[in-house]
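Trainee: I should be grateful for a close look at a single helix of this model, followed by whatever else helps to place it.

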There are 4 protein chains.
Amino acid sequence: MNFASDNVTGASAPILDAVVRANAGAMPAYGADPLTAALQARFRALFQHPDLVVFPVATGTAANAIALAAMVPPFGLCLCHEEAHVMGDECGAPEFYTHGAKLAGLPGTGAKIDPAAFDATLSAMPRHVKQMPARALTLSQATEGGLVYRPDEVARLAEGAHRHGLAVHMDGARFANAVAALGCPPADVTWRAGVDILSFGASKNGALAAEAIVVFRPDLAETIEYRRKRAGHLLSKGRLLAAQLHAYLDDDHWLANAATANRMAARLGRGLAEIPGVRLAWPVEANEVFPILPAHLERSLKEGGATFYGWHSTSLPPGEAVREGEVFARLITAFSTTQAEVDAFLDLARACA
Amino acid sequence: MNFASDNVTGASAPILDAVVRANAGAMPAYGADPLTAALQARFRALFQHPDLVVFPVATGTAANAIALAAMVPPFGLCLCHEEAHVMGDECGAPEFYTHGAKLAGLPGTGAKIDPAAFDATLSAMPRHVKQMPARALTLSQATEGGLVYRPDEVARLAEGAHRHGLAVHMDGARFANAVAALGCPPADVTWRAGVDILSFGASKNGALAAEAIVVFRPDLAETIEYRRKRAGHLLSKGRLLAAQLHAYLDDDHWLANAATANRMAARLGRGLAEIPGVRLAWPVEANEVFPILPAHLERSLKEGGATFYGWHSTSLPPGEAVREGEVFARLITAFSTTQAEVDAFLDLARACA
Amino acid sequence: MNFASDNVTGASAPILDAVVRANAGAMPAYGADPLTAALQARFRALFQHPDLVVFPVATGTAANAIALAAMVPPFGLCLCHEEAHVMGDECGAPEFYTHGAKLAGLPGTGAKIDPAAFDATLSAMPRHVKQMPARALTLSQATEGGLVYRPDEVARLAEGAHRHGLAVHMDGARFANAVAALGCPPADVTWRAGVDILSFGASKNGALAAEAIVVFRPDLAETIEYRRKRAGHLLSKGRLLAAQLHAYLDDDHWLANAATANRMAARLGRGLAEIPGVRLAWPVEANEVFPILPAHLERSLKEGGATFYGWHSTSLPPGEAVREGEVFARLITAFSTTQAEVDAFLDLARACA
Amino acid sequence: MNFASDNVTGASAPILDAVVRANAGAMPAYGADPLTAALQARFRALFQHPDLVVFPVATGTAANAIALAAMVPPFGLCLCHEEAHVMGDECGAPEFYTHGAKLAGLPGTGAKIDPAAFDATLSAMPRHVKQMPARALTLSQATEGGLVYRPDEVARLAEGAHRHGLAVHMDGARFANAVAALGCPPADVTWRAGVDILSFGASKNGALAAEAIVVFRPDLAETIEYRRKRAGHLLSKGRLLAAQLHAYLDDDHWLANAATANRMAARLGRGLAEIPGVRLAWPVEANEVFPILPAHLERSLKEGGATFYGWHSTSLPPGEAVREGEVFARLITAFSTTQAEVDAFLDLARACA
């Protein structure tokens, strides 16, 4: 009953097998190997985009920060949700890679940017050299709260961003979960909706350590090769990352994994919501569940062997609050979460409630 | 007959097996897993050092640059050989991680720092705020030319460095090859000789992607945790790196691998030196061979299926030069190089000479 | 009737004279001149501090950013009021000089940090490497809202900061106005209250372009000399800055100038508050007045020849708000503001109200 | 007899007067004042260039580093002479402002880049992501050795630079001395010859602290405004810099000052060269003299009251060397140097020789 995160599990079997298979033989170093070379065509097909450029890296933090550095100058501002992962959980990676750009946080329930607040921020942007000019917007898909932007929602935000000269980045650490939830072609919720660069995550959904920076505007790709090398993120044995990413895409393994995780989260959420005294802060849309529950229940669950984190958020829905005697929690499911695990947890919860 | 580099091969069998074994089950993320936690004791034992601190990362560039950033302020100077890997082959990673420090190159045959030149540089160091103050020395062990610093040689350079307030870093991308060549305890050629931080390489000698930053002065470790996270080099699934490093050390696998590579290089060097018209620029001490050979021979070897790079160097021995009609080349052996491969290459060379 | 800012005026006569006087003759460059050398003793006497170190620079932005860079590592957090000048009016200078540190904003009426919010922030500081650790607190004296921290208020905040390992910086762009208002020795509201580095402003209070970074903890001074030079803030003709600073301190010229500005602001504030429909957002404590006034009055004042800026603030007192038909404005007085100018403005205001 | 540098003197009388005159009255801050606004037209006329953009700053280090940051990305290389001021005398300002770009030094007598070496460097540029790509060339006019590039020499270097995608910067700390020596329109030796950005120096030739970044390619100007503000180099009282620059240009004051300095240097050089045992390392072309003289003579001159620095250089002409018993020295004249001063020095030298 480990719902701490979707990165506490190892690689899925097909991905691990692919790493083992790719290990044999000599291959050119630094990404000149055939597996890495084949990624470009692979991602172009997946995203139905003729000239996107893809750069594999080992971590989501690197993917996000390198992408932002390609879009935001050192003196620029990057808009994001105030609870975005880049804002609070990457130890200032965007600031490091951009050489001192600044993140500006926007509000919105469930860590999903409120479009009205976004518009207001853009309109109020000062135009004096004393203030850093906004140059990018980054959206998390799914959000830190497990919510999913629909294609039209992405398009609306991206349109405003572009109109004001901002490039648009999507942090897709849980992109697979979002796409599985939406059931749309990945193109619809990315470049067709105005996304310029996507951090395409795999590590949280079956890979050991693999992400891809997918650049839909080739002009933004120019500096990335150097930035990645300079940061030590160009692996000498490129096959390690490439093998994972190929296996991740083979037979829609990525979507199958995400669908499992989403289904488990939905089951968990439904079950929890039925327990007296428990309510969900916002709906379950991907693979995360955010219940507000009685403190004694949280204690009992942990004593009973369940693992999950407490949470706090500035983006509860209007009118909602964590009251005295209550606890706010986050539960994450993964491709490896089983129905038995979920049901055991729910049984325990019902027994303790 | 691929002698292009020691990173064109995959992982050794024991290391690949370890990755597979470590994949099972849930483990805390971001280095809080038991495999990662056990690395500290492991390296302390290996280096007979009671309080060293170890940080696994995926690449040598990251290891070197993070280490240097812990030692050199943005306004500081880092001395290295003018042909050091950090100087010319990491796309400015040290400059990136240190936020703009500068590398200053020293001369010396075979990319091995000439101690007299080092002394002269230290003595001539200007003392005005217009000049960046030297704050670190970095030594490559083995050097870019495949030469090995003996413990007394490291000690002599480190003593001078410390006397002038410089910290000492060792780029050990091929540390195993050096230690295997020296036959001494790893402590003797590192902290006992004055090295403050070691980049302990594994990727070129059997791992897929794993290096360790080994910090012998705990005060220098303080910032590394943040610098690594901020750079996206703290893997969420720490087991990937830790499993490789454990297997690398198990049963002195690292030394056995390096010894094989060194033996193959020695055989290759000996064979080449006996061929008329071929001479070695400097001795083979680890796993690299630097022959100067007739241009027609180089062509024939490549046409015959051998893979290796041409080379050029500013650190040929006094009096030596690559003459008209000659080519300077670099051949690297790895743990996976076989005697058959070496002998086939030598047969071909003899046939074409 | 120019109340736009305290930097729209030129230098005071004594300071301009000092620049002219200092111009004659040859003097060593880069701060080795006798005028610059004498600053150290001068500031030590002024602050009754035996070993402070002082670095003149030309701008407050440089003073603040260099000071913060000496206290906050690239991966560190710097706490400040959410409306602090460093936060929004220096185009990211702190981020540039610190190489990517982050400013975190705290609330409080009139841009004065609320001590309870400060305590809460310190207590809630996460302790995981994913989050940037807080390393400094910067206070503006006087604040962006023209309020003044009393010595005991500084001491209370500094004590909390130090207890949590944060260094304390004071942005004293209007330090003279604050000290003139407090009537205490400058030491009492700086190092004796726990301030580690002070940006001692002069440009807004009589100088043409001169500020001093006053470092009360000598260990923090070590890197500043290099950082200043590297930023191009070590003037070759040091006499320009030094002459201004000497004249600024001579005969308490700095305090006399500030007292004039404060007196004019007080008169302006009193007069405005008596006009029907006008109220002050918070008290006048230094040389700034923040009235909320009818929109038609603001228009009439500007048409009548008055110059001042509109304002907006997130730190209005609880319960206060700018209502429909009202305008929030900022008026600043300087050493050069005359009583006639203030009275003309008030007459105009009364006539238009 | 102070020949230490051209920055040991104060401002010229017309420039000082201009500062005093500009001090009166209220003017908008941060460069919105009329004096600053008028600079654009002034420089466009001077350089006969319809859309250049000019940014005043207080120091040459800032001018150079900001200019380079506008041309070189953090991962780029900037070519310069190995003895250029940016290379060794600005404490790494280019590295700071560019966020970690690297300077690569080229050889050439008298700190003047050897065009053949430049061509060779460009041709040998590696094309792998492991190496930083060259993005700019910076020329010092006059050079650190006081030599002057003729328009055709600039054009030849700039043509090669542009052909390889490098922008061209000119460090004109002593631009006036060079132009006075060449007797050509300033346009001929700058944008017409291929210079993209010029650091137009004034501080060494009559100003107190004023330089202008003159951008001939408007696309390169876009980031400079932010970079300057962010670095604290946008003075709040812009009139200080603007007044100096206007007076500097009025009635060709800049060229008159430079012509005086050059004439004094020529006289000094001629006189020295006639003294037995003294020779000039290279010709006097601007306002610097580089004699090699007997050590006892140097001692006597200093004991006799002369001030000047010893020098060392890696760019002596082929065959030239400083021999045992000799000293290499640098003497600089300024607009304020008098013939009497020069003659007194020469008399002393002749008496001691």
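Mentor: A residue is called buried when its relative accessible area is under 20%. The model is a predicted one, and the helix to examine is α10 of chain C, which spans residues 239-249. This helix is mostly covered, with 11 of its 11 residues buried. Among the buried residues of α10(C) are Leu240(C), Leu241(C), Leu245(C) and Leu249(C); the list also includes Arg239(C), Gln244(C), His246(C) and Tyr248(C). After α10(C) comes Asp251(C), with a positive phi near 50 degrees.

Elsewhere in chain C, strand β10 covers residues 291-294 and contains Ile292(C). Because its relative accessibility is 0%, Ile292(C) counts as buried. Setting aside neighbours within four places in sequence, the contacts of Ile292(C) include Gly277(C), Val278(C), Arg279(C) and Ala281(C). Leu316(C), Glu320(C), Ala321(C) and Val322(C) are also among its contacts, as are Glu326(C), Val327(C) and Phe328(C). By contrast, 25 Å separates the C-alpha atoms of Ile292(C) and Ala259(C), which stand 33 residues apart along the chain.

As for the relation between copies, a turn of 180 degrees with a shift of 0.0 Å along the axis lays chain A on chain B with an RMSD of 0.1 Å. That relation is the one given by a two-fold axis. Within chain A, the C-alpha nearest the axis belongs to Ala231(A), at 3.6 Å from it. Of the interface residues of chain A, 100% are also interface residues in chain B, so the copies meet through the same surface.

Terms used:
Residues are numbered from 1 along each chain as its sequence is written. Chains are lettered from A and ligands numbered from 1 in the order in which they are written. This is a predicted model: local features need pLDDT of at least 70, side-chain atom pairs count only at pLDDT 80 or more; totals for chains, interfaces and linings use all residues. Side-chain values use heavy atoms; hydrogens and water are left out. Buried means under 20% relative accessible area, exposed over 50%, partly exposed in between (1.4 Å probe, protein chains only). Helices (H or I, at least four residues) and strands (E, at least two) are DSSP runs, numbered from the N terminus. Copies are superposed by least squares on the C-alpha atoms of residues with pLDDT of at least 70 in both. Contact means heavy atoms within 4.5 Å.
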